[in-house]
Amino acid sequence: MSAAFLFALVGVGLFSLGLYALIVHAHLLRKILAINVMGSGVFLVLVALAKRTGESQPDAVPHALVITGIVVAVSATALALTLMLKLTAETGRAELPEDQGK
Amino acid sequence: MEALTLLHWTFDILLGLGLLWLGWRVLTSPDLFNAIVLFVAFGLLMALAWVRLDAPDIALAEAAIGAGLTGALLLAAFAKLRTVEKNHDIAGQLEKGKLENRSFQWWPATFLLVVAAGLGHTVLSLPHYATGLSAEVSANLKSSGVSNPVTAVLLNFRGYDTLLEMVVLLLALLGVWSISGSALPREAAPGPILDTLSRLLTPVLILVAAYLLWVGAHAPGGAFQAGAVLGAAGVLLLLSGWRLSSHLAGLPLRIILVAGPVAFVAMAVFTMLTGGQFLEYPRAEAGTLILFLETAATLSIGTTLAALFLGERPKNKREYP
């Protein structure tokens with residue numbers, strides 16, 4: 001096992017932790033944090049696996065993808081936070097309404 | 001040599017464990033404010049992990065965006081959330097958040113353990129040696145106009161990724177503006193420390209952004225990192241109470257916001273008309289054209305990030321739809 005696989009496994013761990021928190025927590029700010037942690041896990045797997053070239057220079061294509069991904073993640077977070085604030089202003093709760101049943 | 005390898009392994013394992021522990025604390029910390037501060041620390045630790053993975057470009061982007069700007073956005077949203085909840089007079093909203101954390105839920109936990117085991121197994125069963133596209137990148141690096149492989153991929157080989165990514169940023173801002181995000185509470189008096197600090201730091205940040213933009217051609221850096229630093233300068237100015245004057249908040253602001261995507265599209269049309277493919281630069285001028293595109297992209301990314309932080313649409317005399 002190399003350092004690349006160590007960090008890839010940490011990435012898998014972060015993704016799973018984030019997914020657990022996304023399911024369990026009701027508060028929307030926590031859900032947004034959870035999605036960000038999940039994203040970090042995915043980025044870590046991508047970049048760790050790019051190190052498997054066996055040379056000093058890792059594969060640059062996943063690196064470029066992850067930089068793009070980080071910027072997309074921050075814009076999605078900004079939009080999600082605005083939606084959360086709007087919902088809280090309307091309903092008074094920073095949570096999604098419970099399913100009322102049909 | 002042996003001792004050095006051992007040291008590297010110890011550091012990597014501690015870093016990995018630290019990331020997992022901080023990630024767990026971010027998601028379970030009873031207090032939301034604590035969770036956000038821990039998330040910033042988590043982002044900084046991620047930047048260290050990127051350095052260990054030989055990805056200094058991503059480390060720069062993560063430190064500026066992942067830890068810095070996301071943290072600022074989260075803290076601003078947290079402050080607004082407190083105000084909104086106070087208006088609705090719902091005490092105990094945050095208390096409730098504390099209570100639910102105590103209960104550990106077995107079914108999701110079991111399900112996620114299975115998912116993690118499956119993903120871990122898949123990762124470990126991948127071949128231990130894979131070159132990916134690195135051979136193609138280094139073979140074509142000479143004709144790309146820059147010598148930093150990551151910038152070559154971002155601005156030349158996969159330029160359309162960067163184009164679409166800037167469209168995503170613009171769409172996010174349009175979304176925030178059209179649901180009219182609540183305004184950042186304006187500090188009446190920023191206080192002497194913040195005031196002096198922002199006066200000192202803003203020119204430095206602009207200089208750093210320009211440096212990162214220039215150096216990105218042959219070393220870690222580039223449009224995204226420079227744009228993020230420029231965005232941070234904007235956030236600092238906004239925090240110290242500065243607002244864009246109303247005659248600049250209309251058309252001039254919008255022109256800067258769309259400069260990046262428009263420059264890309266114009267370049268794409270130009271290269272197609274002159275006989276090349278979509279965003280296939282003429283080899284002799286590739287370096288110059290990339291610097292031009294990156295400058296436009298940096299300005300757009302920085303302004304968009306600062307505008308996302310502000311939240312509401314800046315007020316101007318004439319209304320634009």
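This report walks through chain B, one of its helices, one of its loop residues and a pocket in a predicted model.

## Chain B at a glance

Let's start with the overall make-up of chain B. DSSP assigns 12 helices and 0 strands to chain B, so the pattern along its sequence is simply α-α-α-α-α-α-α-α-α-α-α-α. Of the 321 residues in chain B, 45% are buried.

Contacts and surface add to this picture. Taking the contacts in chain B with a separation of 6 or more, 75% are between residues 24 or more positions apart. The area that chain B exposes is about 16500 Å², and 71% of it comes from carbon and sulfur atoms.

## Helix α12 of chain B

Helix α12 of chain B covers residues 286-310, which makes 25 residues. How does its length compare with the expected span? At 1.5 Å a residue, the helix should span 36 Å, and its end C-alpha atoms are indeed 36 Å apart, so the two values agree.

The surroundings of this helix are worth a look too. Because 19 of the 25 residues of α12(B) are buried, the helix is largely enclosed by the rest of the structure. After α12(B) comes B:Gly311, which has a positive phi, near 90 degrees.

## B:Ser144, a loop residue

Now for a single residue. B:Ser144 sits in the loop between α6 (134-140) and α7 (149-157) of chain B. Is B:Ser144 buried or exposed? Its relative accessibility is 0%, and the cut-off for buried is under 20%, so B:Ser144 counts as buried.

Which residues does B:Ser144 touch, leaving aside those up to four places away in sequence? They are B:Ala152, B:Asn156, B:Phe157, B:Ala286 and B:Ile290.

## The second largest pocket

If you like to look for empty space, the second largest pocket has a volume of about 380 Å³. Its lining is made up of 24 residues, and those nearest the pocket centre are A:Ile32, A:Ile35, A:Asn36, A:Ala73 and A:Thr77. Both chains appear among the elements that give two or more residues to this lining: α2 (28-50) and α3 (60-91) of chain A, and α2 (32-52) and α3 (56-88) of chain B.

Which element gives the most to the lining of this pocket? That is α3(A), with 9 residues. Sorted by class, the lining of the second largest pocket holds 15 nonpolar, 7 polar and 2 charged residues.

Terms used. Residues numbered from 1 in each chain as written. Chains lettered and ligands numbered in written order. Predicted model: local features only at pLDDT ≥ 70, side-chain atom pairs only at ≥ 80, totals over all residues. Heavy atoms only, no water. Helix = DSSP H or I, 4+ residues; strand = E, 2+ residues; numbered from the N terminus. Expected span 1.5 Å × (residues − 1). Buried < 20%, exposed > 50% of the residue type's maximum accessible area, 1.4 Å probe, protein only. 1 Å grid on protein atoms, 1.4 Å probe; cavity = no way out; pocket = protein on both sides within 12 Å on 5 of 7 lines; lining within 4 Å. Points joined across faces, edges and corners; volume = space filled by probe spheres on them. Nonpolar A, V, L, I, M, F, W, Y, C, P; charged D, E, K, R; others polar. Contact = heavy atoms within 4.5 Å. Areas by Shrake-Rupley, 256 points an atom, 1.4 Å probe, with all protein chains shown as cover.
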